[in-house]
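Visitor: I'd like to learn how to read strands, sheets and chain contacts in a model like this one. Could you walk me through it?

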Amino acid sequence: MQITVTVNDVAFTREVEPRLLLIHFLRDDLGLTGSHWGCDTSNCGACVVWLDETPVKSCTVLAAMADGRRVFTVEGLERGGRLDPVQEGFARCHGLQCGFCTPGMMLTARWLLDHNPDPSAEQIREALSGQVCRCTGYENIVRSVRWAAGQGVAVRGSPAEAGGSAEAGGSAEAGGSAETDGEAPA
Amino acid sequence: MQVPAHVEYEKASSVGHALSLLARYGPEARILAGGHSLIPMMKLRLAQPETLVDINGLTELSYVEVTGGELRIGALTRHAQLLDSAAAGEHFAILHDAEKVIADPIVRNWGTVGGSLCQADPSEDLSAAFAALKAVMVIRGPGGPGHPDGSRTVSAREFHTGPYETVVAAGEMLTEIRIPISPGGGSAYEKVGRRVGDWPVGAAGAAIWLAGDLVGDAGIGLTAVGARQFAAPDAEEFLRGAPATEDSFARAGEIAAEHCRPVSDQRGPADYKRHLAGELTVRALRRALRRARGEDA
């Protein structure tokens, strides 16, 4: 069957088998290997991507179910060479060790911050409770998200405004960067 | 690598269209909602439908609303939606209690209420919650004797016919869950699991409707402990008309524990699960009572 999925604002049309899982569509058909294929049982959360506006475990969603929808992956977090505050937070606060869980963690963190710009550590832990870090680096993951919470909105702008907001977002980012560059990790 | 077997796929554009697709493809077709039960089963080849009828586009089945003295929940409502619904929390706190401990937040984003019920896992949480609330399931089908418009309703306690089996027949689909709103009610859900996101070792839901200091009516739901139809009717019968006291709840818990039939498995031995059935029934009743009295709980 033919499906068209808009991934990080780019429409892709591909012929797929109905049984193809979204994680394999992203990684194997589109070459977007940032999303990780982990436990395969919707437990670990390494494969989390957004389907429209919602984080989902893409090992448990068929590519066919994404037909006509938007998918947002870790590759879409960075814009125009600028990292999303969540990415910068993970880098500054050592939010990753082996990095396998990181794409899913960051996508859930971005969603959380879009809906709750100032979450408590407890709220961050709850939001990430469906995701596993086998390095057990949870403390620094929470610190990373807290750091990002202090940095304002996503560089891609509101997901709903993706595309149209690129220019407006760009100027806001330039203003914000001078302030954020000097800050130490929380 | 776990990949489902070859399957055909159709996207339904309305409930009527979904029913016509089910009719066209026959008994080996399955409704695909969130897929968070069905797709794992397909990966393991425990389910091997020939055709999937994807209903994710049917936004008309995605709602939580109060209508006609009932809370009505569309079958395609995501778990996260039910957890976010102020109306659900106001009238039936048990639903928020249960949703908070179903799977994890990401799974709840896409898994659906109707899908969980139709999967009919014997450890499923909402089945116990809806049993406690004496909910009614609305099933749509092609029509026939007794329900010419294609719609029929079934009590939550007649919905399950066994593990992974429900009364929803080939060619039919669950469309709505209705819960009557009665005054003086309170409800709660108590679950013990090994870790976040896991199925329960045991769980109990309770709903009580007060008549003064007496229990006017009670509903007790149990899951993962082998309770028939996820309910404890003998304990409910004991409570009806009894004083709403700790002593009554303790006895109801004993009755609930006596009448369930847990089995030992990797989540725990049968005697522990039986203990949980009793203790969690008491805790759920206690919290339901506080809520029925308008106290914080």
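Visitor: In which sense do β11(B) and strand β12 of chain B pair, and over how many bridges?

Guide: Start with the bridges that link two strands. In this predicted model, β11(B) and β12 (residues 200-211) of chain B run antiparallel and are joined over 9 bridges. To follow one bridge yourself, pick K191(B): its partner in β12(B) is A203(B).

Visitor: And what is the strand order of the sheet of 3 strands in chain B?

Guide: The order is β11-β12-β13 in chain B, an open sheet with antiparallel pairing. Each of β11 (185-193) and β13 (214-223) of chain B has a single partner strand, so these two stand at the edges with one side lacking a neighbour in the sheet. Ignoring direction, neighbouring strands here are turned by 15° against each other on average.

Visitor: Which helix lies across β11, β12 and β13 of chain B?

Guide: That is α8 (residues 125-133) of chain B, and α8(B) runs at about 160° to β13(B).

Visitor: Now the contact between the chains: how many residues come from chain B and how many from chain A?

Guide: A common way to give the size of an interface is the accessible area lost when the parts come together. Here we can count residues: chain B gives 24 residues and chain A gives 24 residues. On the side of chain B that touches chain A, the elements giving two or more residues are β1 (8-11), α2 (38-43), β3 (51-54) and α6 (105-110) of chain B. The largest share, 5 residues, belongs to α6(B).

Visitor: How do the residues on that side of chain B divide by character?

Guide: They split into 14 nonpolar, 7 polar and 3 charged.

Terms used
Residues are numbered from 1 along each chain as its sequence is written. Chains are lettered from A and ligands numbered from 1 in the order in which they are written. This is a predicted model: local features need pLDDT of at least 70, side-chain atom pairs count only at pLDDT 80 or more; totals for chains, interfaces and linings use all residues. Two strands pair if DSSP finds at least two bridges between them. Helices (H or I, at least four residues) and strands (E, at least two) are DSSP runs, numbered from the N terminus. Axes are lines fitted to C-alpha atoms, for helices over the stretch in contact, and angles run from 0 to 180 degrees between N-to-C directions. Two residues are in contact if their C-beta atoms, placed from the backbone, lie within 7 Å. Ala, Val, Leu, Ile, Met, Phe, Trp, Tyr, Cys and Pro count as nonpolar, Asp, Glu, Lys and Arg as charged, and the others, Gly among them, as polar.
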